[in-house]
Amino acid sequence: MGVDLRQIVAGILTITMFVMLGQMLHRDYFNAVQGKVEGDAHDIEFHGSKVAVVEDGLVRVSEGIKGPWMRDSHELKPCWSISSSDEAVSSKGYVTFSLTNGPEYHISQITDAVMVAKHLGATLVLPDIRGSKPGDEMNFEDIYDVDKFVKSLESVVKVVKKLPSHVSLRDIAIVKIPTRVAEDYIKEHIDPIFKSKGNIRVTTYFPSVNLRKSSLDGETDPVSCLAMFGSLELQPGVSDLVESMIQRLKKSGGRFVAIDLRVEVLEKKNCRETGAVGSKTCYNAQEIALFLRKLGFESDTTIYLTQPRWESRLNILKDIFPKTFTKEVIMPASKKSKYLELENSEYENVIDFYISSRSDVFVPAIPGLFYANTVGKRIALGKPQVLVPADISGTSGLSTDYISPYISKKNHLAYSCFC
């Protein structure tokens with residue numbers, strides 16, 4: 001049977017047309033995708049989850065990363081500057097105090113004590129650290145770097161390690177002060193007592209655990225900024241332990257989510273509805289697991305919990321995210337006798353706080369000062385992904401819709417101290 005040359009030519013032309021059409025469709029498709037990523041804010045589908053591309057650089061889509069992860073932004077720089085009027089002055093009087101209730105409170109207690117000593121012209125005595133039980137006491141240097149603390153404050157207040165022996169405890173007046181104490185309050189309420197007694201012991205109470213900046217506050221005191229964000233560092237042994245635990249978490253999955261979820265605290269706070277739609281005061285393990293899945297976090301996401309020891313009520317979280325760990329699992333065995341097996345939990349609180357400050361994502365299942373001060377440290381470190389839980393009614397949600405208002409509205413006190 002003969003072959004018609006015209007049919008062969010027609011067949012070749014048909015194949016060529018299909019090839020060209022396929023190339024055009026392929027090019028148009030990828031050009032459209034590229035234009036969508038490079039343009040203004042749009043939602044894009046990425047491994048089955050939505051990730052927002054935000055103009056201000058808060059969120060970036062990184063190739064090969066599963067889930068709604070955000071890249072860190074650059075670390076902020078301190079905006080505060082110490083003027084000649086802020087410099088330390090000599091005084092015969094002393095201000096003493098103790099650190100209590102965990103590192104999230106330590107930051108505020110340090111700040112208030114420094115403010116009082118500074119504006120009274122007094123000498124600050126290095127505090128001790130007291131746990132939740134009577135007799136639980138530690139030295140400041142057991143957790144924090146003394147030399148760093150003293151040196152960081154030398155321009156504004158003199159710090160001594162011990163109260164001089166000639167000062168009698170009977171000569172020390174105990175004064176309660178509200179957190180975020182201001183210069184006007186110190187002059188009106190504390191200065192007269194200090195002038196009368198010569199020495200005071202301050203204890204901070206917390207009428208609010210809110211660290212939002214307010215226009216009513218006026219300009220933030222640079223001494224307050226320095227004390228809150230520039231004075232406390234972990235002593236080398238504790239710092240190395242925290243770093244080793246962070247590295248173990250990163251080896252598990254490259255990135256990790258830290259969740260402040262403690263069963264005993266949830267029980268005490270008695271989670272209740274706030275009145276706002278889809279919002280509660282705190283969230284349990286199942287609710288947090290569903291929240292993260294609906295945001296698009298994959299089942300192989302590594303999670304760190306602040307829960308001291310594993311509880312059966314956390315099993316639902318581990319069922320959905322198998323790589324969920326508490327500190328007892330990721331802490332080196334050689335360190336457990338010192339940092340885990342003591343009745344004093346201050347070490348554990350410190351570990352939780354600093355790991356949560358350094359995690360790729362932080363989720364506060366419980367409101368309070370731990371949440372507020374962790375956000376403050378994360379702002380300074382350029383780690384903006386703090387996701388506040390909520391009930392998501394649909395099957396998915398955008399992570400950017402749940403960024404902490406402290407960050408999305410830039411109303412945290414840290415934004416007054418860093419730029």
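Accessible areas here come from the Shrake-Rupley method with a 1.4 Å probe. On that basis the chain exposes about 21,400 Å² of surface, and 52% of this belongs to carbon and sulfur atoms. The model is a predicted one. Its chain has 419 residues, of which 47% are buried. The secondary structure comes to 15 helices and 14 strands. Contacts reach far along the sequence. Among those with a separation of 6 or more, 71% join residues 24 or more positions apart.

Start with the sheet of 4 strands. This sheet is open, its order is 13-12-11-14, and its pairing is parallel. Strand 13 (324-325) and strand 14 (361-364) stand at the edges. Each has a single partner strand, so one side of each is left without a neighbour in the sheet.

Strand 11 covers residues 256-260. Its partner strand 14 pairs with it in the parallel sense over 4 bridges. Strand 12 also pairs with strand 11 in the parallel sense, again over 4 bridges. Individual residues show how the strands line up. Val 257 stands opposite Val 361 in strand 14. Val 257 also stands opposite Ile 303 in strand 12. Next along the strand, Ala 258 stands opposite Phe 362 in strand 14.

How many residues of strand 11 are buried? The count is 5 of the 5, so strand 11 is largely enclosed by the rest of the structure. The side chains alternate. Phe 256, Ala 258 and Asp 260 point one way, while Val 257 and Ile 259 point the other way. All of these residues are buried.

Two helices lie across this sheet. Helix 6 (residues 236-253) lies across strand 11, strand 12 (302-305) and strand 13. Helix 6 runs at about 150 degrees to strand 12. Helix 13 (residues 369-381) lies across strand 11 and strand 14. Its angle to strand 14 is about 165 degrees.

Thr 326 sits beside this region in sequence. The residue lies in the loop between strand 13 and helix 10 (327-330). Is Thr 326 buried or exposed? Buried means under 20% relative accessible area. Thr 326 has 1% relative accessibility, so it counts as buried. Leaving aside neighbours within four places in sequence, Thr 326 is in contact with Tyr 304, Leu 305, Gln 307, Pro 308 and Trp 310.

Helix 12 (residues 346-358) comes before strand 14 in the numbering. Helix 12 has 13 residues and reaches 19 Å from its first C-alpha to its last. That is close to the 18 Å expected at 1.5 Å a residue. Of its 13 residues, 11 are buried, so helix 12 is largely enclosed by the rest of the structure. The buried residues include Val 350, Ile 351, Phe 353, Tyr 354 and Ile 355. Charged positions are on the list too, among them Glu 346, Glu 348 and Asp 352.

Now turn to strands 9 and 10. Strand 9 (172-178) and strand 10 (residues 199-205) run parallel and are joined by 7 bridges. Ile 172 stands opposite Asn 199 in strand 10. Helix 4 (residues 183-197) completes the motif. Strand 9, helix 4 and strand 10 make a right-handed β-α-β unit. In strand 9, 5 of the 7 residues are buried, so the strand is largely enclosed by the rest of the structure.

Lys 161 lies in the loop between strand 8 (159-160) and strand 9. Its relative accessibility is 57%. The cut-off for exposed is over 50%, so Lys 161 counts as exposed. Lys 161 still touches Val 125, Leu 126 and Val 146, not counting residues up to four places away in sequence. Lys 161 and Val 146 are 15 residues apart in sequence and 8.7 Å apart in space, C-alpha to C-alpha.

The last stop is an open sheet of 3 strands. Its order is 4-6-7, with mixed pairing. Strand 4 (98-100) and strand 7 (137-138) stand at the edges. Each has a single partner strand, so one side of each is left without a neighbour in the sheet. Strand 6 (residues 128-130) and strand 7 pair in the antiparallel sense over 2 bridges. The bridge partner of Arg 130 in strand 7 is Glu 137. Helix 2 (residues 103-120) lies across strand 4 and strand 6. Helix 2 runs at about 150 degrees to strand 4.

Conventions
Residues numbered from 1 in each chain as written. Predicted model: local features only at pLDDT ≥ 70, side-chain atom pairs only at ≥ 80, totals over all residues. Heavy atoms only, no water. Expected span 1.5 Å × (residues − 1). Buried < 20%, exposed > 50% of the residue type's maximum accessible area, 1.4 Å probe, protein only. Contact = heavy atoms within 4.5 Å. Pairing = 2+ DSSP bridges. Axes fitted to C-alpha atoms, helices over the stretch in contact; angles between N-to-C directions. Right-handed = clockwise from strand over helix to strand, strands pointing away.
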